[in-house]
Amino acid sequence: MLRSQAPGGRAWLLTWDQAHDTPAFYRRAGWWEPAPLPGEATDVVVFADPDRVRGS
């Protein structure tokens, strides 16, 4: 799997927020959204690996 090849076994996923089915698919698959950084809003949705510990 791709995650096993990622540095430290961690993976991030980026998608466009207007591709409504795509973020929904990844949420159902267990990918989660870290808290956004302060600053300018974008139309990119960032997901963290389902196996990545939240907050790390």
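Partly exposed, as used here, means a relative accessible area between the buried limit of under 20% and the exposed limit of over 50%. Keep that handy, and remember that the model is predicted.

**Exercise 1.** Work out which exposure class Glu-33 belongs to, then do the same for its salt-bridge partner.

*Solution.*
- Step 1: Glu-33 has a relative accessible area of 38%, so Glu-33 is partly exposed.
- Step 2: Glu-33 pairs with Arg-27 in a salt bridge, and their closest N and O atoms sit 2.7 Å apart. The cut-off is 4 Å, so the pair qualifies.
- Step 3: Arg-27 comes in at 44%, so Arg-27 is partly exposed too.
- Step 4: Tally up the salt bridges and you get one.

**Exercise 2.** Describe the lining of the largest pocket by residue class.

*Solution.*
- Step 1: Start with the space itself, which has a volume of about 360 Å³.
- Step 2: Pick out the lining residues; among them are Glu-33, Glu-40, Gly-39, Thr-42, Val-44 and Val-46.
- Step 3: Sort the lining and you end up with eight nonpolar, two polar and two charged residues.

**Exercise 3.** Find the residues of the nonpolar surface patch and the strands that supply them.

*Solution.*
- Step 1: The patch consists of Trp-12, Leu-14, Val-44 and Val-46, which together have about 380 Å² of accessible area.
- Step 2: Strand 1 (12–16) and strand 2 (44–48) each bring at least two residues to the patch.
- Step 3: Zoom in on Trp-12, which lies in strand 1. Its relative accessibility is 46%, so Trp-12 counts as partly exposed.
- Step 4: Link back to Exercise 2: Val-44 and Val-46 belong to the patch and also line the largest pocket.

Terms used: Residues numbered from 1 in each chain as written. Predicted model: local features only at pLDDT ≥ 70, side-chain atom pairs only at ≥ 80, totals over all residues. Heavy atoms only, no water. 1 Å grid on protein atoms, 1.4 Å probe; cavity = no way out; pocket = protein on both sides within 12 Å on 5 of 7 lines; lining within 4 Å. Points joined across faces, edges and corners; volume = space filled by probe spheres on them. Nonpolar A, V, L, I, M, F, W, Y, C, P; charged D, E, K, R; others polar. Patch = residues over 30% accessible without salt bridge, like charges linked within 9 Å, V, L, I, M, F, W, Y side chains within 5 Å. Areas by Shrake-Rupley, 256 points an atom, 1.4 Å probe, with all protein chains shown as cover. Salt bridge = Lys/Arg side-chain N within 4 Å of Asp/Glu carboxyl O. Helix = DSSP H or I, 4+ residues; strand = E, 2+ residues; numbered from the N terminus. Buried < 20%, exposed > 50% of the residue type's maximum accessible area, 1.4 Å probe, protein only.
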